[in-house]
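Visitor: I would like a close look at a single part of this structure, taken slowly enough for a first-year student to follow. Could you then connect that part to the rest of the picture?

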Amino acid sequence: MSVPAAAEAPRLAIIVVAAGSGTRLGLGVPKAFVPLAGRPLLEHALERVFDQPEPAQVVVVAPASHRAEAVAIGRRVAGIAADALTVVVGGDSRAASVSAGLAAVADTADVVLIHDAARALTPAEVFTRVVQRVRADRAGVIPALAVVDTIARRTPEGAVLGQVDRSELAAVQTPQGFPLAAYRAAVAAIVPGVEHTDDASVFAAAGHPVVTVEGDDRAFKVTTPWDLRRAEQLVRGAGPALRTGIGIDVHAYDDARPLWLGGLYWPDEPGLAGHSDGDAISHAICDALLSAAGLGDIGSRFGVDDPRFADARGEVFLTATLELVRDAGFEVVNVAVQVVAKRPRFAARRHEVEALLTRLLGAPVSVAATTTDGLGFTGRAEGVAAVATALLHS
Ligand code: CTP
Ligand code: MG
């Protein structure tokens, strides 16, 4: 959403009601604050609200207990558009919450949308569709979907009374949109004691026309635990793919060479044998990165007879590998390395190695070291082994 210039107040207001308790979800947390793929439902809802293109005043209606959290979530999503955000406390019924939201809407708006936070995955284009139709028709506008199931009427005991003609039915969603002034008047005219099931029925009761525009399957209302699982699958399915990889490298000590390990020079330590500088840490990381990206391994990517890599520093391999991984559409999330070696003693320079590798890869690299209690080739001080894992996201 673009940010309105100070001089021009937005013509659109969007009320997001999020003050319900979520009884049917039964998690003991108000529904809008239940985590969905690690972030509150309200945050998912607001992301899509702020994605619609018209500058808008967004009014979030929150439970009194979660007012501060709603403000924090709203600011996180709105970013520099946070000026356009208002948070108010809701009431005991959805209608009371809508009224609280409506009271906070600036009179400069000509269109108001009322949206359930519980319909958290409603795409931005549905908002746009509703707004355009309100302006075109000066009517109430509701997104709706054709009913696909056969609908039967039945008694409370379950006896079927007959079937309903499906062609006349539509499942109604939010956001519902209205010309602001006419909607305020319709709310003011509500006859006390008369229950309205949604916002459009308030508008219709005041004698105004209401029309439907096409809804969206993703605008379903999260009501039950099953709905929450469905939403979770949709969000995770659309999210970045994570891939892990593993790499191992071993080099024998060679007293005649300088030691390069983890991209650092280690004076007064036996070096490592190899076509390159023998930096087992850097090579294990390269293999882990290539493995995670499905790009083979360091041997097949950087051949031993390639003169570019004769005596090459670990840094050269890491930079070239990172480029391959990025070209394949991945970013590094983190890398973890375990070194197994009697020498060098790692503790004193561990942070230096981590800082260098983190800078090279642009992602956190952690390095741990151990000995093997005198066992095996590392215990006999014949060489160094390193194991690395890498996590990438697409
Ligand atoms: N809502 C609200 N204030 C209320 C009741 C509901 O703002 N007093 C909001 C909810 O937060 C939700 C939307 O209205 O975004 C639709 O309501 P519903 O799905 O019924 O949510 P809850 O009332 O929270 O759920 P339940 O009925 O299972 O308790
Ligand atoms: Mg409810």
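Guide: Proline 344 is found in the loop that runs between strand 17 (331-340) and helix 11 (350-361), and in this predicted model the peptide bond that joins arginine 343 to proline 344 is cis, with an omega of about -5 degrees. A cis bond also leads into proline 175, where the bond from threonine 174 to proline 175 has an omega near 10 degrees. Proline 175, for its part, sits in the loop between strand 10 (170-172) and strand 11 (176-179).

Another loop to look at is the one between strand 18 (365-370) and helix 12 (376-379), which holds aspartate 373. What stands out at aspartate 373 is the backbone angle phi, which is near 60 degrees and therefore positive in a residue other than glycine.

To place these loops in the chain as a whole, it helps to know that the chain is divided into domain 1, covering 6-236, and domain 2, covering 242-393. The C-alpha centres of domain 1 and domain 2 lie 53 Å apart.

The picture would be incomplete without ligand 1, which is surrounded by 18 residues, the closest being Val17, Thr23, Arg24, Lys31 and Ser97. Sorted by class, this shell consists of 5 nonpolar, 7 polar and 6 charged residues. Backbone atoms take part in the contacts as well: an oxygen atom of ligand 1 is 2.8 Å from a polar backbone atom of valine 17, and an oxygen atom of the ligand is likewise 2.8 Å from a polar backbone atom of alanine 19. For glycine 20, the distance between a polar backbone atom and an oxygen atom of ligand 1 is 2.9 Å. Taken alone, ligand 1 exposes 560 Å², and the protein buries 88% of that area. The space that ligand 1 takes up is the largest pocket.

How values were computed. Residues are numbered from 1 along each chain as its sequence is written. Chains are lettered from A and ligands numbered from 1 in the order in which they are written. This is a predicted model: local features need pLDDT of at least 70, side-chain atom pairs count only at pLDDT 80 or more; totals for chains, interfaces and linings use all residues. Side-chain values use heavy atoms; hydrogens and water are left out. Domain bounds come from an automatic or database domain assignment. A residue is near a molecule or strand if one of its heavy atoms lies within 4 Å of it. A polar contact is a pair of N or O atoms within 3.5 Å; within protein, one must be able to donate a hydrogen and the other to accept it, and residues adjacent in sequence count only if both atoms are side-chain atoms. Accessible areas come from the Shrake-Rupley method with a 1.4 Å probe; for residues, only the protein chains shown count as cover. On a 1 Å grid over the protein atoms alone, a cavity is a set of points where a 1.4 Å probe fits but cannot get out, and a pocket is an open set with protein on both sides within 12 Å along at least five of seven lines; lining residues have an atom within 4 Å of a point. A molecule sits in a cavity or pocket if more than half of its atoms lie within 2 Å of its grid points. Ala, Val, Leu, Ile, Met, Phe, Trp, Tyr, Cys and Pro count as nonpolar, Asp, Glu, Lys and Arg as charged, and the others, Gly among them, as polar. Helices (H or I, at least four residues) and strands (E, at least two) are DSSP runs, numbered from the N terminus.
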